[in-house]
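Student: Please give me a close look at one part of this model. Pick the stretch that tells me most, and walk me through it step by step.

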Amino acid sequence: MNKIWSELNKVMQTQIKKKDTYKAGIDTLFDLRNQLMETLTSFNGELTREDFDVIPFINADGYHSKTIAYSIHL
């Protein structure tokens, strides 16, 4: 998740906790979802099957050691 998405996620979580901002939180959630889906669908047109299977940091700890396909599946 990039910084913009991370910030939207934080804002949304704060908004949905309060009655006054709950609707705005839902709107923020849909905005975040749309941005994520737009990026994921762009992968389909830009990447090959092999790209989805590559492990860029094979011996590293954490999610950056996973394939794109694995990360999307989560």
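Tutor: Start with packing. The buried residues of helix 2 pack against helix 1, which covers residues 3–16. One caution before going on: this is a predicted model. Every value here is computed from it.

Which residues of helix 2 are buried? They are G25, T28 and L32. Find them on the structure. Now recall a rule about helices. An α-helix has 3.6 residues a turn, so residues three or four places apart point the same way. Keep that rule in mind as you look at G25, T28 and L32, the buried residues of helix 2.

Next, cross over to the partner. Q15 sits in helix 1. Is Q15 buried or exposed? Q15 is buried, because its relative accessible area is 16% and the cut-off for buried is under 20%. What does Q15 touch, once residues up to four places away in sequence are set aside? Its contacts are T21, Y22, A24, G25 and T28. Two names on that list, G25 and T28, should be familiar. Both are buried residues of helix 2. Trace these contacts on the structure, one by one.

Now take helix 2 as a whole. It runs over residues 22–46. That makes 25 residues. From its first C-alpha to its last, helix 2 reaches 36 Å. At 1.5 Å a residue, the expected value is 36 Å, and the model comes close to that.

Look at the charged side chains next. K23 and D27 both belong to helix 2. They are four residues apart, about one turn of the helix. Their side chains meet in a salt bridge, with 3.4 Å from N to O. Why might such a pair form? Side chains of opposite charge can pair when their charged atoms come close. K23 counts as exposed because its relative accessibility is 59%, and the cut-off for exposed is over 50%. D27 is partly exposed, at 40%.

How many salt bridges does the structure hold? It holds two. The other one joins the side chains of R49 and D53, at 2.8 Å from N to O. Both R49 and D53 lie in helix 3. Again the spacing is four residues, about one turn of the helix. R49 is exposed, with a relative accessible area of 52%. D53 is partly exposed, at 42%.

Now go back to helix 2 and find F43. F43 is partly exposed, with a relative accessible area of 24%. Which residues does F43 contact, leaving aside neighbours within four places in sequence? They are F52, I68 and I72. Follow I72 onward. I72 is in helix 4, and I72 is partly exposed, at 35%. I72 also joins M37 and L40 in a nonpolar surface patch of about 220 Å². For a contrast in distance, compare F43 with E7. They are 36 residues apart along the chain, and their C-alpha atoms are separated by 22 Å.

F52 leads to another residue. T67 touches F52, along with D53, V54 and I55, not counting residues up to four places away in sequence. T67 is in the loop between helix 3 (49–53) and helix 4 (68–73). At 16% relative accessibility, T67 counts as buried. So D53 has two roles to note: a salt bridge with R49, and a contact with T67.

Finally, step back. The chain has four helices and zero strands. In order, its pattern is α-α-α-α. Its radius of gyration is 16 Å, well over the 11 Å that the globule rule gives for 74 residues, so the chain is more spread out than a compact globule. The C-alpha trace spans about 45 × 30 × 20 Å along its principal axes. Of the 74 residues, 14% count as buried. Take contacts between residues at least 6 apart in sequence: 20% of them join residues at least 24 apart. The chain exposes about 6,100 Å², and carbon and sulfur atoms supply 57% of that.

Note on methods. Residues numbered from 1 in each chain as written. Predicted model: local features only at pLDDT ≥ 70, side-chain atom pairs only at ≥ 80, totals over all residues. Heavy atoms only, no water. Helix = DSSP H or I, 4+ residues; strand = E, 2+ residues; numbered from the N terminus. Buried < 20%, exposed > 50% of the residue type's maximum accessible area, 1.4 Å probe, protein only. Contact = heavy atoms within 4.5 Å. Salt bridge = Lys/Arg side-chain N within 4 Å of Asp/Glu carboxyl O. Patch = residues over 30% accessible without salt bridge, like charges linked within 9 Å, V, L, I, M, F, W, Y side chains within 5 Å. Areas by Shrake-Rupley, 256 points an atom, 1.4 Å probe, with all protein chains shown as cover. Rg over C-alpha atoms; globule rule 2.2 N^0.38 Å. Expected span 1.5 Å × (residues − 1).
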